[in-house]
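Visitor: I'd like to take a close look at one part of this protein and then follow wherever it leads. Could you walk me through it at a bench scientist's pace?

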Amino acid sequence: MFPKLLNKAVSRMRLERGRRVRRGKRINLALQGGGAHGAFTWGVLDQILADGRLRIEGISGTSAGAINAVLLADGLARGGAQQARSRLAEFWRAASFGGNLGGLQRGVVERLFSLVPRATAAVPPWLGALSELWSPYDLNPLNINPLKQLIARFVDFELIQTAFDGRLFVSATNVRTGEPRVFSGAEITAEAVMASACLPFLFQAVEIDGESYWDGGYSANPALLPLVQAANAADLLIVQINPRQREKVPVTARDIVGRAHEITFNATQSAELRAIDFINQMIDRGRLPLGVGRRDARIRLHRIVMADAGETFDPHSRLNNNFDFFERLHKLGQRAARRFLETHFKDIGARSTIDEVAERPAEVA
C-alpha cells in the first residue's frame, strides 16, 4: 500500500512541476504516422520545445506519431520541455540500428528490416511474393516486438494517464471491422501504442480487450476530432509526414505502390479536415447551439509538412532505421518548425494558416 501511495505522490509532484513550466500560446498537436519518417516529427517537436513560446495542451498521434506523442507527454509531465527533448532524443537513438537493444530484440529487428528495401535500393523481385507466402506469424512466431520493451522503458504510462487525462489520444485500426479505435485516459498503455504502430506485414496484430488491432494509419492518421472536442485550445497544428500531393503521376510499380500508400494514409485526415471546415462554417453562420457559434470559437488550423522541407523521400525509406537517417530527418524537422514559427507564430490564436477555402472540395453540380 505504502509504495503505491508514494508513487502516486511522486506522480502528482511531477505533474505539478510540469504544469508550472508550461507557458505560452496554447496549441494542440496532431502527429501523423510514417515509420522512420517519424524522426522528422521528432525534429519538429524538438524545435517547438526549444523555442518555448507554445504551450502544448492536447496531443493526438498515430503509429510513429503515437510513439512521439507518449514520449512528449512523458517528458512534459516529468519536468517540462527539456525533459521531453531528452526523452525523444534518447528514444530515437535507442530505436536505431546503432541503438542499445538487447541481443534477442536486435536480432528480431534486423531480421524484420532485412526484408524491406533501403531507400537507395531497388525493390527485390521476391519481396512481393515473400509477403504473400510468409506472414509475421511465420517469421516471428514468438511475437517478439522490440518496440514494446523500448516504449515501456521510456514512458511512465501511469504518469501520462494522469497528466494528460482526456488530452492525449492514440489511434489504432480494428482488424475485424476496419474502424478506428481512439485510446485515451487509462487506455493509453504500451499495448495501445504498439497497436497504433502495428504494421501488419511486420508484426502480429495486437490484441486488446479481445479485439485485434493494426496500424492506426489505415483509419485515423491521426484522429483530429477528439482534440477539437476535449482539449482547451482552438489552434491545431498538424505535423504531416505523408505528402498531400505529388507533381508527377507515378508510372513505375514501385512509385505507384508508394503513392497509393500515401493516399490511403492521408484519406482519413482529409475527411476529418472537411468535418472541421464544416464546423467552422456553422460557427461563422451562428448556427451552432448553446452559444458555441461565436467566431472566436472556430478551430484554427496549421500544418507543417515534411514534403515542404526541401527534400523528397522514397516512401519505402519509412522503414530505414539507420541513425544517420534519423538525424537527417530530425534536422529537417527542426528547420521546418523554425520556419513555421518565424512565419506564423503571430497567427496562432488569431487565424488559420491553412487555406480552408482552397482545400474545400468542389461542390457537386
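Let's start with D209: is D209 buried or exposed, and what is its relative accessible area?

Guide: Happy to. Keep in mind throughout that this is a predicted model. D209 is exposed, because its relative accessible area is 71%, and the threshold for that label is over 50%. You will find D209 in the loop between strand 5 and strand 6. Its backbone deserves a look too: D209 is not a glycine, yet its phi is positive, at about 50°.

From that loop, step along to strand 6, which covers residues 211–215. E211 forms a salt bridge with R176, and the closest N and O atoms of the two are 2.7 Å apart. E211 sits in strand 6 while R176 lies in the loop between strand 3 (168–174) and strand 4 (180–184), so this pair ties together parts that are 35 residues apart in sequence. R176 counts as exposed because its relative accessibility is 63%. Elsewhere, D74, R78, R87 and E90 are joined into one network by salt bridges that share partners. The structure holds 10 salt bridges. I'll come back to that network shortly.

First, the surroundings of D209. Strand 5 (206–208) is one boundary of the loop that holds F201, the other being helix 10 (190–196). F201 counts as exposed because its relative accessibility is 59%. On the surface, F201 joins V175, W214 and Y218 in a nonpolar patch, and together the four have about 370 Å² of accessible area.

Beyond strand 6 comes another loop, which runs to helix 11 (225–230) and contains P222. Zoom in on the peptide bond from N221 to P222: it is cis, with omega near -10°.

Now for the salt-bridge network, where helix 3 is a good place to begin. Helix 3 spans residues 64–78, has 15 residues, and reaches 21 Å from its first C-alpha to its last, close to the 21 Å expected at 1.5 Å a residue. Of its 15 residues, 15 are buried, so helix 3 is largely enclosed by the rest of the structure. Within helix 3, R78 forms a salt bridge with D74, with 2.5 Å between the closest N and O atoms. These partners are separated by about one helical turn, because R78 and D74 are 4 residues apart in the helix. The general background is that an α-helix has 3.6 residues a turn, so residues three or four places apart point the same way. R78 and D74 are both buried.

The other two members of the network have a bridge of their own, in which the closest N and O atoms of E90 and R87 are 4.0 Å apart. Both belong to helix 4 (residues 81–95), and because they are 3 residues apart there, about one helical turn separates them. Their exposure is worth a look: E90 counts as partly exposed because its relative accessibility is 39%, whereas R87 is buried because its relative accessible area is 15%, and the cut-off for buried is under 20%.

The backbone on either side of helix 3 also calls for a look. Before it, S63 lies in the loop between strand 2 (54–62) and helix 3. Like D209, S63 is not a glycine, and its phi is positive, at about 55°. D209 is exposed at 71%, but S63 counts as buried because its relative accessibility is 7%. After the helix comes G80, whose phi is positive and near 110°.

Let me finish with two stops further along the chain. T312 lies in the loop between strand 8 (300–305) and helix 13, and it counts as exposed because its relative accessibility is 66%. T312 and P243 are 69 residues apart in sequence, while their C-alpha atoms are 9.4 Å apart in space. In helix 13 (residues 323–344) you will find K331, which is exposed because its relative accessible area is 51%. Together with R335, R338 and R339, K331 forms a positive surface patch.

Terms used
Residues numbered from 1 in each chain as written. Predicted model: local features only at pLDDT ≥ 70, side-chain atom pairs only at ≥ 80, totals over all residues. Heavy atoms only, no water. Patch = residues over 30% accessible without salt bridge, like charges linked within 9 Å, V, L, I, M, F, W, Y side chains within 5 Å. Areas by Shrake-Rupley, 256 points an atom, 1.4 Å probe, with all protein chains shown as cover. Salt bridge = Lys/Arg side-chain N within 4 Å of Asp/Glu carboxyl O. Lys, Arg positive; Asp, Glu negative; His and termini not counted. Charge placed at Lys NZ, Arg CZ, Asp CG, Glu CD. Helix = DSSP H or I, 4+ residues; strand = E, 2+ residues; numbered from the N terminus. Buried < 20%, exposed > 50% of the residue type's maximum accessible area, 1.4 Å probe, protein only. Expected span 1.5 Å × (residues − 1).
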